[in-house]
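Student: Could we go through this structure together, step by step, with each answer argued from the coordinates?

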Amino acid sequence: MSLHPTLQPYADAWTHSIEAISELVLPLVEADWNRRTPCPGWSVRDIVSHVIGLDCEMYGDPRPIHTLPRDLYHVTNDIQRYMEMQVDVRRHHTAPEMTSELEYTVIRRNRQLRNESRQPTTMVRGPLGTELTLEESMRKHAFNVWAHEQDLRAALGRPGNLDSPGAHIARDVLLAELPAVVAEKADAPRSSAVVIDVHGPIEFLRTIRVDIQGRGTLETAPALGPAAAFTLDWETFVRLACGRVTAEAAADRVKAEGEPELTAAILRNFAVTR
């Protein structure tokens, strides 16, 4: 195994999630592929198409040459148009075509990971011509595939893997975005603190502190007298942070304390994926 030790946890998380996705969709009848998922505008088939497309691009395949229809209401910006291409090109594929391509893609990616010898700091291509390190690319990919596994589980009524390797990576990815949510998007007062207390399969308590310059930082130490505090379960945290549910729809599962305008602003901006 030539994979750098820093990258191994991301490869392991991807493997765990992609195998779970394969197991979920292999027995599905054709009608099940059309079920709606928590992802706006996407069916089970669309989610699997997206995952296949992500891995094909990680492998190095060229992107499909395809013109999107003009009536896709859920596509509103460049990143969504970019992601939709791999989805729409497979929108009329049959169940056997989908499972066969998924299996073939997983085989190729497993082979690629076995032979991966690049350093974590190697720069690689990202969406829309961006560049990022191989480590960041693999971290984001492991998170994305786990999040979409959860989308499929929600659509198919098959909950599980909320504490899998991908879940732990998701925790770190989502928490890293919270300082910007609190300090910038919600405009929390300077020299204040906001506490997030999450329970369930994955538990943590984190404090976002806003300094005198208005910059937010994430800390593990609890805060006395925070400006706002939130208590919620892990699944709700994920669904809010991934934009799968609105703050209003999740109100009965979130305990919010503090100044009402601040707590509302934080929950309104909680979604960090687009």
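Tutor: Yes, bearing in mind throughout that this is a predicted model. Let us begin with a helix that packs on the sheet.

Student: At about what angle to β6 does helix α8 run, and which strands does it lie across?

Tutor: Helix α8 is formed by residues 260-268. The strands it lies across are β3, β6 and β7, and its angle to β6 is about 45 degrees.

Student: Which strands does helix α7 lie across, and at about what angle to β6 does it run?

Tutor: Helix α7 covers residues 234-241 and lies across β3 (192-199), β4, β6 (228-233) and β7. Its direction relative to β6 is given by an angle of about 110 degrees.

Student: In what order do the strands of the open sheet follow one another?

Tutor: The sheet is built from 5 strands, and their pairing is mixed. Neighbouring strands are turned by 15 degrees against each other on average, direction ignored. Read across the open sheet, the order is β5-β4-β3-β6-β7.

Student: Why is one side of β5 and of β7 left without a neighbour in the sheet?

Tutor: β5 (216-219) and β7 (254-258) stand at the edges of the sheet. One side of each is therefore without a neighbour, because each has a single partner strand.

Student: How many bridges join β4 to β5, and which residue of β5 stands opposite Thr207?

Tutor: Strand β4 comprises residues 204-210 and runs antiparallel to β5, to which it is joined by 4 bridges. Opposite Thr207 stands a residue of β5, namely Glu219.

Student: How many residues has the largest nonpolar core, and with which residues is Phe237 in contact, leaving aside its neighbours within four places in sequence?

Tutor: The largest nonpolar core has 75 residues, and Phe237 is among those with the most contacts inside it, as are Ile196, Phe230, Trp234, Ile266 and Phe270. With the neighbours within four places in sequence left aside, Phe237 is in contact with Leu174, Leu175, Leu178, Ile196, Val198, Phe204, Leu232 and Phe270.

Student: How many of the 16 residues of α2 are buried?

Tutor: Helix α2 (residues 44-59) reaches 23 Å from its first C-alpha to its last, which is close to the 22 Å expected at 1.5 Å a residue. At its start, a side-chain oxygen of Ser43 reaches to within 3.3 Å of the backbone nitrogen of Arg45, and just after the helix Gly60 takes a positive phi of about 115 degrees. The helix is largely enclosed by the rest of the structure, because the number of its residues that are buried is 14.

Student: Is Asp88 buried or exposed, and what is its relative accessible area?

Tutor: Asp88 is found in helix α3 (residues 78-88), and the buried residues of that helix pack against α2. Asp88 touches His66, Thr67, Leu68, Pro69 and Leu72, not counting residues up to four places away in sequence, and a polar contact of 2.6 Å joins its side chain to that of His66. Since buried means under 20% relative accessible area, Asp88 counts as buried, with a value of 10%.

Student: What is the relative accessible area of His4?

Tutor: His4 lies in the segment before α1 (8-25), where a polar atom of its side chain is 3.0 Å from the backbone nitrogen of Thr6. Not counting residues up to four places away in sequence, His4 touches Arg118, Gln119 and Pro120. His4 is partly exposed, and its relative accessible area is 23%.

Note on methods: Residues numbered from 1 in each chain as written. Predicted model: local features only at pLDDT ≥ 70, side-chain atom pairs only at ≥ 80, totals over all residues. Heavy atoms only, no water. Core = buried A, V, L, I, M, F, W, Y, C linked by side-chain atoms within 4.5 Å. Buried < 20%, exposed > 50% of the residue type's maximum accessible area, 1.4 Å probe, protein only. Contact = heavy atoms within 4.5 Å. Pairing = 2+ DSSP bridges. Helix = DSSP H or I, 4+ residues; strand = E, 2+ residues; numbered from the N terminus. Axes fitted to C-alpha atoms, helices over the stretch in contact; angles between N-to-C directions. Expected span 1.5 Å × (residues − 1). Polar contact = N/O pair within 3.5 Å; in protein donor to acceptor, adjacent residues only side chain to side chain.
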